[in-house]
Amino acid sequence: EEEWRLQLAWARVHRRRGKLRAALGALAEAQDHIDRSRGVLGAETDRHAAMRRKSSELLVRLLLDHGLERQALCVARVARARGLSGLPLIPEGARGPLLALEHTRAELFEDYKWYDPRDIPIDRRLKLDAERHSLDLPEPPAPIECDQLPATTPGEASLLYFHDRDGFIGFAWDAEGHIIAQRLHRWPAARPPRSRGDVLISPFARVLEGATRLRVLTPAAMGEVSFADLSWRGRPLGDRFAVVHALDLPAVPTQVRHEGTAALVFSDPNKALLGRYHVLTKLLDQWRAKLEARALRVTFETGPSVTSVVDVLQGTRGVDLAILYGFGAVAPSYYEPRPTRAEQHEPDLNGFGVGADVLTRVDILLEAGLVPRRVVLAHCDSAVVDAYGVSGAIGLAQTYVQAGAEWTLGTIGPLSPELMEAMVEAFLEALPREASVDDAAKALQIAKHELHDQGFSDIEQLRLWAP
């Protein structure tokens, strides 16, 4: 790590002197040190991820200094994609031991309120990494190249906010090849929500002109910002564009499709909604009727019971639309790819909580190419993101997209049962049968307006995710 720091320091010196080639050489040497360290440990650790991120930040600044906006955008997108895809697929046989190890890691790291992994004693980090390596888990995926990332389609504009020291660098680009890079030196979190659009959107107005869809690639620090609800030029962005939060990862090929089918899943393992079962039973009947009116035959349905993860994953494979409703979700902690309750050392693998406490990223990623075509996750915290941005842990909504779904609707916080039910009702009413990403974004915006008129708050916590 010291050699890496030395080369990073040399890269900064060369940057100040305006020597692009020498700075790039020093950064390449720094990258080699990370790769050699990874080879010695036999695994890509979170510390490696943090080091790569810091190198990428410097490389982006260096390229922008010399007017190389296209190359800087490529580096920023690849760095972000690498973080999001850092969790490899876990084979079935390694799942149990991995759970125990990850829980040990979580207990250790819970004692450290940190952003920089160096705050954890090196001997403890190495011990855990060695234990993980002994599980003989698969290697991380091959490095992602720029040309593997989704191409911008006609009528589409993309925004990427790349973390840079105490601020961000914003990138905007379109299908015609126009690129704008703008430094946002201060994150406007303290600003009134109405004024955030001027800071986050206005610098990129030239690229947005004429677009009909807006893909937003945000860091964890902006996780609470609902771009569809940002006011810009007197109107919410969602009324101007089909706004989607994008993963910007290589597409996963579909392996199974059951045209004209749907799935309805309701699970409440904690009996939190026990007093509403009679109401919910009628609601499920209404949702089924709405689906059937769109020629979507419900082929898998569960009532208010404890349903196994395996049954749900298999029952929803390849359906056109899956609606997963329930409560009991726990927001993922920093290092756990299989988050657990504080009082429960291992998730209940026989239960299905429609939440991050039971259904996990690993479960869904194992179904890559087999997941539903479109997904509605009507439960709390289904689209939360890793607050630290190192490990790449992301919520279930994003994971369904990563596994091959065309789009997924989720939430970033706790919502009342009444709002969740009204959201599904209004969204289904506005959603056409063959709902593209744009159709889903427009349907969500219509549903949010209707929910607002009904007096509901917190509707800005709804998110639509796409590739």
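Here is a short chat about the nonpolar cores and aromatic rings of this predicted model.

Modeller: Residues are numbered from 1 along each chain as its sequence is written, and side-chain values use heavy atoms, leaving out hydrogens and water. In this predicted model, local features need pLDDT of at least 70 and side-chain atom pairs pLDDT 80 or more, while totals for chains, interfaces and linings use all residues.

Biologist: Which helix gives the most to the largest nonpolar core?

Modeller: A nonpolar core is a set of buried Ala, Val, Leu, Ile, Met, Phe, Trp, Tyr and Cys residues joined through side-chain atoms within 4.5 Å. Buried means under 20% relative accessible area, exposed over 50%, partly exposed in between (1.4 Å probe, protein chains only). This core has 44 residues, and Met423 and Phe427 are among those touching the most other members. With eight residues, the top contributor is helix 14 (residues 417-430).

Biologist: How are the rings of Trp287 and Tyr325 arranged: stacked, tilted or edge-to-face?

Modeller: Rings of Phe, Tyr and Trp (its six-membered ring) pair if their centres lie within 6.5 Å; planes under 30 degrees apart are stacked, over 60 edge-to-face and the rest tilted. Here the centres are 5.8 Å apart and the planes stand at 75 degrees, so the pair is edge-to-face.

Biologist: Phe266 also pairs with Tyr325. How many residues apart are they?

Modeller: Their pair is tilted, with 50 degrees between the planes, and both residues are buried. Helices (H or I, at least four residues) and strands (E, at least two) are DSSP runs, numbered from the N terminus. Phe266 sits in strand 8 and Tyr325 in strand 10, so the pair links parts of the chain 59 residues apart.
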